[in-house]
Amino acid sequence: MNVSELLAGLQVQQDEATARAAELRNQIEHLTAALAETEARLTDLATTRKVVTELAPAGADPDPPEVNTAYQTIVNAFNQHPDQEFRARDLHELLGMPTDEASVNITGSLLGRLTRQGFLIQPGRGRYRKRT
């Protein structure tokens, strides 16, 4: 085998390795996106669980209708003010809910979920309005 054949063989191997590296990078990007979606779902589930726990009477076993009550309260506020934009803190003040950071963050998560479900739109960062 002469030098030119050896170099040609090495070039083929390099091209194959380059293509394989590109495939692996694409797989990593896909898996990273899937992981981010799954982590967001886990966050939504944890938030929902926390809301259910907070809304349930002391000593009672929380159940899913409690979550629907929290969502319904928020949906009702948007239905009563369909053209108004709200931030999570604005909703808390309007509804007489606690305005501590943890509570407002939970509502922010609920607003995000309602946006993903298509009930709300997000005209600006942290602002929500009923979809018309």
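This passage walks through the salt bridges, an aromatic pair, one helix and a surface patch in a predicted model.

Salt bridges come up first. A search of the whole structure turns up three of them. One sits within helix α1, which covers residues 3–55: here the side chains of Arg20 and Glu23 meet at 3.3 Å, N to O. The two residues are three places apart in α1, or about one turn of the helix. That spacing fits a simple rule: an α-helix has 3.6 residues a turn, so residues three or four places apart point the same way. Neither partner is tucked away under the cut-off of 20% for burial; Arg20 is partly exposed at 43% relative accessibility, and Glu23 is partly exposed at 42%.

Glu85 is where things get more interconnected, since Glu85, Arg127 and Arg129 are linked in a network of salt bridges. Arg127 comes in with its closest N and O atoms 2.6 Å from those of Glu85. This contact ties together distant parts of the chain, with Arg127 in strand β2 (residues 127–130) and Glu85 in the loop between α2 (64–80) and α3 (88–95), 42 residues apart. For Arg129 and Glu85, the closest N and O atoms are 3.7 Å apart. Again distant parts of the chain are joined, as Arg129 also belongs to strand β2 and lies 44 residues from Glu85. As for accessibility, Glu85 is partly exposed at 30%, Arg127 is partly exposed at 28%, and Arg129 is partly exposed at 24%.

Turning to aromatic contacts, the count comes to one pair. Phe78 and Phe86 meet edge-to-face, with 5.2 Å from centre to centre and 85 degrees between the planes. The angle is over 60 degrees, so the pair counts as edge-to-face. Both rings belong to buried residues: Phe78 has 0% relative accessibility, and Phe86 has 2%.

Helix α4 runs through residues 101–116, 16 residues in total, and reaches 22 Å from its first C-alpha to its last, close to the 22 Å expected. Its buried residues include Ser103, Val104, Ile106 and Thr107, along with Leu110, Leu111 and Arg113. Just after α4, Gly118 takes a positive phi of about 90 degrees.

Finally, there is a nonpolar patch on the surface, made up of Met1, Val3, Leu6, Leu7 and Leu10, with about 570 Å² of accessible area together. Leu10, found in helix α1, is partly exposed, with a relative accessible area of 44%.

Definitions and conventions
Residues numbered from 1 in each chain as written. Predicted model: local features only at pLDDT ≥ 70, side-chain atom pairs only at ≥ 80, totals over all residues. Heavy atoms only, no water. Phe/Tyr/Trp six-rings, centres within 6.5 Å; stacked < 30°, edge-to-face > 60°. Buried < 20%, exposed > 50% of the residue type's maximum accessible area, 1.4 Å probe, protein only. Helix = DSSP H or I, 4+ residues; strand = E, 2+ residues; numbered from the N terminus. Expected span 1.5 Å × (residues − 1). Patch = residues over 30% accessible without salt bridge, like charges linked within 9 Å, V, L, I, M, F, W, Y side chains within 5 Å. Areas by Shrake-Rupley, 256 points an atom, 1.4 Å probe, with all protein chains shown as cover. Salt bridge = Lys/Arg side-chain N within 4 Å of Asp/Glu carboxyl O.
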